[in-house]
Amino acid sequence: MILPIVAYGDPVLKRKAKEISQDYPNLEGLLENMFETMYNAYGVGLAAPQIGLPIRLFLVDTTPFSEDENFTEEEKNELKDFKRVFINATILEEEGDEWAFNEGCLSIPDVREDVFRQPVITIEYYDENFKKHTEKFNGLIARVIQHEYDHIEGILFTDKLSSFKKRLIKGKLNNISKGKINVDYRMRFPDQKKKR
Ligand SMILES: [Zn+2]
């Protein structure tokens with residue numbers, strides 16, 4: 001089932017999400033719906049707060065990036081079929097010199113900006129079977145994980161922009177909250193006027 005994606009301005013996107021336990025109701029069904037929702041919107045990641053649930057859960061599938069000609073063959077092979085579920089994740093360490101990448105977000109359609117992040121992360125998380133992992137990721141995979149991880153911490157990529165950039169996109173963000181935007185996937189807008 002395709003779920004509506006919560007748009008910029010909804011308080012759920014600003015909340016620090018809570019851990020879940022192994023007996024979370026119908027986790028399997030939730031993951032299935034989240035993957036379907038993400039693929040339908042051509043996303044490479046989706047966090048639970050983006051469908052209105054303030055829980056520490058996100059998905060990543062970087063396969064669409066593997067067709068991007070801007071990456072080397074080696075990078076493309078790595079990005080292809082990188083599909084993962086992250087539950088109760090904690091980033092233990094971030095290393096290296098910050099690099100910029102043009103990021104977007106399914107909750108903030110049509111806004112793309114360069115965001116600086118460190119290239120190497122060590123993350124502890126549980127997978128969909130509640131098996132614990134501690135892994136190191138780098139490059140674009142780390143970048144997508146960092147973006148989704150921010151969602152469960154209540155942070156959006158627009159929070160990381162300079163105050164100048166923030167001012168430039170303010171009107172656009174307000175319009176997104178009001179639903180004044182053309183988007184081809186289901187969304188829920190916090191400030192949309194109720195239709196009579
Ligand atoms: Zn996002």
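The expected span of a helix is 1.5 Å times one less than its number of residues, and helix α3 offers a good place to apply this rule. In this predicted model, α3 has 14 residues and covers 21 Å from its first C-alpha to its last, close to the 20 Å expected. The helix runs over residues 139-152 and is mostly covered, with 13 of its 14 residues buried.

Helix α3 also brings us to the metal site. The zinc ion has three protein donors, Cys105 through SG, His147 through NE2 and His151 through NE2, at 2.1 to 2.3 Å from the ion. Along the sequence, these donor residues follow the spacing C-x41-H-x3-H. Histidine 147 and histidine 151 are about one helical turn apart, because four residues separate them in α3. Both positions can be checked against the cut-off for burial, which is under 20% relative accessible area. Histidine 147 has a relative accessibility of 9%, so it counts as buried. Histidine 151, at 1%, therefore counts as buried too.

Just after α3 comes glycine 154, whose phi is positive at about 80 degrees. This glycine sits in the loop between α3 and α4 and is buried, its relative accessible area being 9%. Beyond its neighbours within four places in sequence, glycine 154 touches Leu13, Lys14, Arg15, Lys16 and Asp159. For a sense of scale, glycine 154 and alanine 41 are 113 residues apart in sequence, while their C-alpha atoms are 21 Å apart in space.

On the other side of that loop, helix α4 takes up residues 163-178. Its 16 residues reach 22 Å from first C-alpha to last, close to the expected 22 Å. Even so, α4 has a kink of about 50 degrees, centred on isoleucine 169. Isoleucine 169 is also one of the buried residues of α4, along with Leu173, Ile176 and Ser177. These buried residues pack against strand β6, residues 113-117. Just after α4, glycine 179 adopts a positive phi of about 80 degrees.

Turning to the interior, the largest nonpolar core contains 37 residues, and those with the most contacts inside it are Leu27, Met34, Leu57 and Ile108. At least two residues of this core come from each of β1 (5-6), α1 (27-40), β3 (57-61), β4 (83-95) and α4. Helix α1 gives the most, with six residues. A second, separate core has 24 residues, among them Phe101, Leu140, Tyr149 and Ile152. To return to leucine 27, the contacts of this residue outside its neighbours within four places in sequence are with Ile20, Leu57, Ile87, Glu128 and Phe130.

Asparagine 88 brings a polar side chain into the picture. It is placed in strand β4 and, at 7% relative accessibility, counts as buried. A polar atom of the asparagine 88 side chain lies 2.8 Å from the backbone oxygen of isoleucine 20. With neighbours within four places in sequence set aside, asparagine 88 is in contact with Glu19, Ile20, Arg56, Glu124, Tyr125, Tyr126 and Phe130. Isoleucine 20 and phenylalanine 130 thus appear among the contacts of asparagine 88 and also among those of leucine 27.

The backbone angles add a last detail. Most residues other than glycine have a negative phi. Where, then, does phenylalanine 130 lie? Its place is the loop between β7 (120-126) and β8 (132-138), and its phi is positive, at about 60 degrees, although it is not a glycine. Phenylalanine 130 is buried, with a relative accessible area of 15%. Tyrosine 42 likewise is a residue other than glycine with a positive phi, near 55 degrees, and it lies in the loop between α1 and β2 (45-47). Is tyrosine 42 buried or exposed? With a relative accessibility of 74%, tyrosine 42 counts as exposed, whereas phenylalanine 130 is buried.

Methods
Residues are numbered from 1 along each chain as its sequence is written. This is a predicted model: local features need pLDDT of at least 70, side-chain atom pairs count only at pLDDT 80 or more; totals for chains, interfaces and linings use all residues. Side-chain values use heavy atoms; hydrogens and water are left out. The bend at a residue is the angle between axes fitted to the seven residues ending there and the seven starting there. Buried means under 20% relative accessible area, exposed over 50%, partly exposed in between (1.4 Å probe, protein chains only). Contact means heavy atoms within 4.5 Å. Donors are N, O and S atoms within 2.8 Å of the metal (3.2 Å for Na, K and Ca); water is not among the atoms, so sites may look incomplete. A nonpolar core is a set of buried Ala, Val, Leu, Ile, Met, Phe, Trp, Tyr and Cys residues joined through side-chain atoms within 4.5 Å. A polar contact is a pair of N or O atoms within 3.5 Å; within protein, one must be able to donate a hydrogen and the other to accept it, and residues adjacent in sequence count only if both atoms are side-chain atoms.
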